[in-house]
Amino acid sequence: RSLAALKPVVFRTYATAVGPHALVFLEHRGGVIDSGSLSALAAAEKLGGQVTGLVVGSADEVTAVLPKAQKLKGLTGLLHASSPQYAPALPETVSPLLEKILSDGSPFTHVVSAHSASAKALLPRVAAKLDVPAVSDITSLEHDASSNSTTFTRPIYAGNAIATVVAGSSIPLKFFTVRSTAFKAVAADGSEVEAKSVEPAEVSGPVTEHVRTELTKSDRPELGSASRIVSGGRALKDAQTFNATLEPLADALGAAIGASRAAVDAGYADNSLQVGQTGKVVAPELYVALGISGAIQHLAGMKDSKLIVAVNKDPDAPIFQVADVGLVADLFEVVPELVEKIKQ
Ligand code: FAD
């Protein structure tokens, strides 16, 4: 090809000589840092270098969350940017800020976030602008400082295969999102780090307008971070039976309630409760599957649970292949009995 046909290439410089330095996007709501971001921070720590957090929001939000962020274990630095345009922090408005922070002279080698709905739209957007790839939903990582390459694993095909992805030295800035169930959230009892303010970046062009946020209100633990989950499937017949059967058991165990997609599609449960490939990925200490067959798409969301208990009438149901404790029985007989026993 003629020289004239070649696209001009913009070279950016990133510091790599002093070891890894991760920038972790810390999401928050109501003055509380999301547990997914705490797991992302744990993953960033594994790189073995410096870890700087980034808090973005309105002035009130940042004021509320900053003292907690400063004490997160593993952080060596903290940046914050506040502006009304970051309430809420949409990928469209935050990406110019992230791009600015990562521009020439930036000390960062890695950009990290939870694999949340918002951050998984933010990181690839900025990575594409900076002409580097992004690795999503990682479950483990290893960084080799001598070759400046990071090796990740990430589940593919609904968790039926694990891909190993190497971001080598030719990628100066490595973006990745973290599956929160794969990394234990860091605690907020570290020594306080200094927080530095960053000027908000101008957002040009038409941006997405935030209309409203509708949060599901529940007194139960949040499904994504609950240590115990009781889930129901199609066998639960209808919404009333679903609630009447699962709620006493969830109450007795102090558990969150989950559902299979069949139960959600049939209207027994809200879709915020769906566990699986197209729902939430969970890994609680205890997962109780009631009247759930164990389709691969459901297993993709719960098979990493520490203890799986399954009740199903069908002895050949695939759920028994991943269950630690399996009961071939009618759940409508077993569950009330179980509730009584737990109460005793
Ligand atoms: P069924 O498969 O109908 O199983 C019901 C079970 O209840 C049976 O095993 C039966 O033996 C048992 N049973 C019946 N009566 C009783 C009783 N009285 N006592 C005890 N046991 C009883 N599914 C998900 O769950 N999550 C997802 O995220 C998801 N994503 C999907 C994405 C794609 C692209 C596709 C194609 C599918 C997806 N699915 C997902 C759907 C999935 O394939 C299954 O259809 C679904 O998980 C089945 O739900 P179920 O186990 O409740 O129902």
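**The ligand site and three residues of the predicted model**

In this predicted model, the ligand is surrounded by 25 residues, of which the closest are Arg234, Ser260, Thr278, Ser293 and Asn312. When the residues of this shell are divided by character, eight are nonpolar, twelve are polar and five are charged. The space that the ligand takes up is the second largest pocket. Three elements each give two or more residues to the shell around the ligand, namely helix H6, which spans residues 261-265, helix H7, which spans 296-299, and helix H9, which spans 331-343.

Several polar atoms of the protein can be placed with respect to individual atoms of the ligand. An oxygen atom of the ligand lies 2.7 Å from a polar atom in the side chain of Asn312, a residue that is also listed among the closest to the ligand. The side chain of Gln274 has an N or O atom that is 2.9 Å from an oxygen atom of the ligand. In the case of Leu331 the backbone is involved, with a polar backbone atom of this residue found 2.9 Å from a nitrogen atom of the ligand. Of the 990 Å² of accessible area that the ligand has on its own, the protein covers 75%.

Helix H7, one of the elements that contribute to the shell, also contains His298. The relative accessibility of His298 is 6%, and this residue therefore counts as buried, the cut-off for that class being under 20%. The side chain of His298 is joined to the side chain of Tyr287 by a polar contact of 2.9 Å.

Two further residues may be described in terms of their setting and accessibility. Thr164 belongs to strand S10, which comprises residues 161-167, and its relative accessibility is 56%, so that Thr164 counts as exposed, given that the exposed class begins over 50%. Along the sequence Thr164 is 129 residues apart from Ser35, and in space the C-alpha atoms of these two residues are 25 Å apart.

Ser118, by contrast, is placed in a loop, namely the one between strand S6 (110-114) and helix H4 (119-129). With a relative accessibility of 24%, Ser118 counts as partly exposed, because this value falls between the limits of 20% for buried and 50% for exposed residues. Between the C-alpha atom of Ser118 and that of Gln321 there is a separation of 34 Å, the two residues being 203 residues apart along the chain.

Notes:
Residues are numbered from 1 along each chain as its sequence is written. This is a predicted model: local features need pLDDT of at least 70, side-chain atom pairs count only at pLDDT 80 or more; totals for chains, interfaces and linings use all residues. Side-chain values use heavy atoms; hydrogens and water are left out. A residue is near a molecule or strand if one of its heavy atoms lies within 4 Å of it. A polar contact is a pair of N or O atoms within 3.5 Å; within protein, one must be able to donate a hydrogen and the other to accept it, and residues adjacent in sequence count only if both atoms are side-chain atoms. Accessible areas come from the Shrake-Rupley method with a 1.4 Å probe; for residues, only the protein chains shown count as cover. On a 1 Å grid over the protein atoms alone, a cavity is a set of points where a 1.4 Å probe fits but cannot get out, and a pocket is an open set with protein on both sides within 12 Å along at least five of seven lines; lining residues have an atom within 4 Å of a point. A molecule sits in a cavity or pocket if more than half of its atoms lie within 2 Å of its grid points. Helices (H or I, at least four residues) and strands (E, at least two) are DSSP runs, numbered from the N terminus. Ala, Val, Leu, Ile, Met, Phe, Trp, Tyr, Cys and Pro count as nonpolar, Asp, Glu, Lys and Arg as charged, and the others, Gly among them, as polar. Buried means under 20% relative accessible area, exposed over 50%, partly exposed in between (1.4 Å probe, protein chains only).
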